[in-house]
Amino acid sequence: MESGSVKIRKALGKPVKTEQISRAFALTIRYGILSRAYFIYGAPGETWETIQETIDLMNEIKPLSAIFYILDVFPGPGFIQT
């Protein structure tokens with residue numbers, strides 16, 4: 001999911017809706033699947049507000065574990081533009 005922020009997911013090219021993420025994690029819990037969430041911080045346009053959106057989503061979906069990455073952007077083909 002990379003981020004709890006719609007703005008940041010859009011910047012990363014991840015068009016998944018927050019409702020879809022919430023539903024997917026609710027279904028994993030319902031069917032006994034041990035869920036893991038992956039988050040990326042440091043995307044262009046990241047702010048304390050977007051970070052808080054991610055924390056809020058993480059508290060809502062309650063993954064078994066969470067993995068956090070810091071985005072490293074290298075200019076070239078595929079470079080993220082905001």
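F39 is buried in this predicted model, and its relative accessible area is 0%. F39 also belongs to an aromatic cluster, together with Y41 and F68. The chain around that cluster has three helices and two strands, and here is a friendly tour of what stands out.

**The aromatic cluster**

- Searching the whole structure turns up three aromatic pairs.
- One of them is F39 with F68, a stacked pair with 5.5 Å from centre to centre and 20 degrees between the planes.
- This pair bridges distant parts of the chain, since F39 sits in strand 1 (residues 36–41) and F68 in strand 2, 29 residues apart.
- F68 is partly exposed, with a relative accessibility of 43%, whereas F39 is buried at 0%.
- Y41 and F68 also count as stacked, because their ring centres are 5.9 Å apart and their planes meet at 20 degrees, under the 30 degrees that sets the limit.
- Here too the pair connects distant parts of the chain: Y41 belongs to strand 1 and F68 to strand 2, with their positions 27 residues apart in sequence.
- Y41 has a relative accessible area of 18%, so it falls under the 20% cut-off and is buried.

**From Y41 to D72**

- Y41 and D72 are 31 residues apart in sequence, and their C-alpha atoms are 9.5 Å apart in space.
- D72 is located in the segment after strand 2.
- Unlike buried Y41, D72 is exposed, with 57% relative accessible area.

**S22 and its neighbours**

- S22 is part of helix 2, which covers residues 18–30.
- Is S22 buried or exposed? With a relative accessibility of 18%, S22 counts as buried, because the cut-off is under 20%.
- Leaving aside residues up to four places away in sequence, S22 touches L57, E60 and I61.
- With E60 there is also a polar contact: the side chains of S22 and E60 are joined at 2.6 Å.

**Two residues with positive phi**

- As background, most residues other than glycine have a negative phi.
- E2 has a positive phi, near 70 degrees, and is not a glycine.
- E2 lies ahead of helix 1 (6–11), in the segment before it, and is buried at 16% relative accessible area.
- K62, likewise not a glycine, has a positive phi of about 50 degrees.
- The loop between helix 3 (48–61) and strand 2 (65–70) is where K62 is found.
- K62 is exposed, its relative accessible area being 59%.

**The chain as a whole**

- In what order do the elements of the chain run from the N terminus on? The order is α-α-β-α-β.
- The C-alpha trace spans about 40 × 25 × 20 Å along its principal axes.
- Of the 82 residues in the chain, 34% are buried.
- Taking contacts between residues at least 6 apart in sequence, 74% join residues at least 24 apart.
- The accessible surface is about 5,700 Å², and carbon and sulfur atoms account for 61% of that.
- The side chains include 9 positive and 8 negative ones, with the centres of the two sets 9 Å apart.

Conventions. Residues are numbered from 1 along each chain as its sequence is written. This is a predicted model: local features need pLDDT of at least 70, side-chain atom pairs count only at pLDDT 80 or more; totals for chains, interfaces and linings use all residues. Side-chain values use heavy atoms; hydrogens and water are left out. Helices (H or I, at least four residues) and strands (E, at least two) are DSSP runs, numbered from the N terminus. Buried means under 20% relative accessible area, exposed over 50%, partly exposed in between (1.4 Å probe, protein chains only). A polar contact is a pair of N or O atoms within 3.5 Å; within protein, one must be able to donate a hydrogen and the other to accept it, and residues adjacent in sequence count only if both atoms are side-chain atoms. Contact means heavy atoms within 4.5 Å. Accessible areas come from the Shrake-Rupley method with a 1.4 Å probe; for residues, only the protein chains shown count as cover. Lys and Arg count as positive and Asp and Glu as negative; His and the chain ends are not counted. The place of a charge is taken as NZ of Lys, CZ of Arg, CG of Asp or CD of Glu. Rings of Phe, Tyr and Trp (its six-membered ring) pair if their centres lie within 6.5 Å; planes under 30 degrees apart count as stacked, over 60 as edge-to-face and the rest as tilted.
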